[in-house]
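Visitor: Please walk me through this model.

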Amino acid sequence: MDTLGLLLQGFEVALTPTNLFWALVGSTLGTAIGILPGIGPALTIALLLPVTVSVGPVSAFIMFAGVLYGAMYGGSTTSILINTPGEAGSMMTALEGNKMARSGRGAAALATAAIGSFVAGTLATLALTFAAPYIAELAFYFKPADYFALTIMAFTSVAVVMGSSRVRGFISLFIGLGFGVMGIDNMTGQPRMTFGFADLLDGMELTVVLVSLFAVGEIIYVASRYKNQKDEVVSVKGGMWMSKSDWKRSFMPWIRGTAIGFPMGALPGGGSEIPTMLSYTLEKNLTKHKDEFGKGAIEGVAGPEAANNAAAAGVLVPLLTLGLPTSATAAILLAAFQNFGLQPGPFLFTSNPELIWGLIASLYIGNAMLLVLNLPLIGIWVKLLLIPKPQLYAGILIFAMIGIWGVSGSVFDLACMALVGVMGYVMRVYDFPIPPLLIGLILGPMTENQLRIALAAGQGNPAVLVESPMSMVFLTISFLFLFVPFLIKKLRKVA
């Protein structure tokens, strides 16, 4: 069946009353957590994992998609009104958005952010719709050596790009790989790194690690830096709709932001921070109103917000087609698939089309819902900023503990949650990036398995790992990620 036919089937799934309800829940929840500083989609999806097991995979992922997109929308609100990005991808929006709000143009800033998010989200979802099936078909030709090389590329790119230090990035990655190989080795039947605990024979529970790092560790970090002072919220002034000039100045930044954000989001380590920075720099260079930049230029809100939302859709391309996460949120979504006994990749498109196409169709629906939720109801969303932070953080920790206890009923898992949470806090304090740990934990077992299959097929000859052109390409890119920064640094010293 062609792509349009499959997409129409996806709309049949997504438009059922149950799935529409979960899309609305996800979109509303995503907007709320995007607005609340210190809470992001990764933390929210990690917290929801234990309580969505009974919902079913289709409804759960439609809700998760709403959370992901909603957080991108909501993050712009705090950036514009209190100069505090609710999401990392909204950092650049704060530069011009808050200046616009202080000069009495807060309504126009919020409108261009919301409409830009809608335009970019829709265009990026169209790109996802038509690109994903072809990439999935290409993946059918991948051999075990190709998959091994692909995961190595993911490891090196994420460890090098994320965080301020590549050493810290690789330490974080190896901690994740260590967690990933705990338990009984499937090939030899020998226990590995269980330290005598029978509870670890099945490996470290993935949900425990995710909730610990993002709920316990992150909340302790945010709470330890909490200052008992109220954020100054700039009141929303001006007409709710943009002027003709605002539309004219925003349209091309929306398109350019989408063109930058979607491919960058699909790359390992791309995330949303890099494309939003690139979009802001591009708009600053292309604008005819250079004197307004730094004082409240609408292009500086429109472009980065479009790039931010397009990157969110870009993240789903390698995740759904190759099972490759390129960000922390994507890693948690991959864990969610595994939680339901599913493995994203080319076979999921044929074995479970209802889930894949229902999820893609829900992105269109969620985008429309978010536009309706964000433009008229901005006054209500701003009230969320009045929630006292101590009570909010305490509530999240309690919810995390209840979720873990509800899934496993194990005191050992609660103890692991506390220990890993403290480790997550220490990592945040010393600037160790969390995404490499998650990607090492989730992809580590797959990497080991594909390596063993490839070596078995080549009768133990390691040359089999570089016989395929595809594996050579991936390993070459990995090599470049590792050594090109060193060469650039050396050349700069010589110059």
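Some questions and answers on the fold, the core and a pocket follow.

Guide: Keep in mind that this is a predicted model.

Visitor: What does the secondary structure of the protein come to?

Guide: Helices and strands are counted here as DSSP runs. On that count, the protein has 19 helices and two strands.

Visitor: How far apart are the end C-alpha atoms of helix α2, and why is that expected?

Guide: Helix α2 covers residues 17–35, which is 19 residues. At 1.5 Å a residue, the helix should span 27 Å. The model agrees, because the end C-alpha atoms of α2 are 27 Å apart.

Visitor: What share of the 495 residues is buried?

Guide: Buried means under 20% relative accessible area. In α2, the buried residues include Asn19, Ala23, Gly26 and Ile35. Across the 495 residues of the protein, the buried share is 56%.

Visitor: Which residues does Ile332 touch in the model?

Guide: The largest nonpolar core has 132 residues, and Ile332 is among the five that touch the most other members. Phe61, Phe64, Phe214 and Leu438 are the others named there. Leaving out residues up to four places away in sequence, Ile332 touches Ala42, Ile45, Ala46, Leu49, Leu210, Phe214 and Leu438.

Visitor: Which element supplies the largest share of the lining of the second largest pocket?

Guide: The second largest pocket has a volume of about 560 Å³, and 24 residues line it. Gly180, Met182, Ile184, Asn186 and Pro445 lie nearest its centre. α7, β1 and α18 each supply at least two lining residues. The largest share, seven residues, comes from α18.

Methods. Residues are numbered from 1 along each chain as its sequence is written. This is a predicted model: local features need pLDDT of at least 70, side-chain atom pairs count only at pLDDT 80 or more; totals for chains, interfaces and linings use all residues. Side-chain values use heavy atoms; hydrogens and water are left out. Helices (H or I, at least four residues) and strands (E, at least two) are DSSP runs, numbered from the N terminus. The expected span of a helix is 1.5 Å times one less than its number of residues. Buried means under 20% relative accessible area, exposed over 50%, partly exposed in between (1.4 Å probe, protein chains only). A nonpolar core is a set of buried Ala, Val, Leu, Ile, Met, Phe, Trp, Tyr and Cys residues joined through side-chain atoms within 4.5 Å. Contact means heavy atoms within 4.5 Å. On a 1 Å grid over the protein atoms alone, a cavity is a set of points where a 1.4 Å probe fits but cannot get out, and a pocket is an open set with protein on both sides within 12 Å along at least five of seven lines; lining residues have an atom within 4 Å of a point. Grid points are joined across faces, edges and corners, and a volume is the space filled by probe spheres set on the points.
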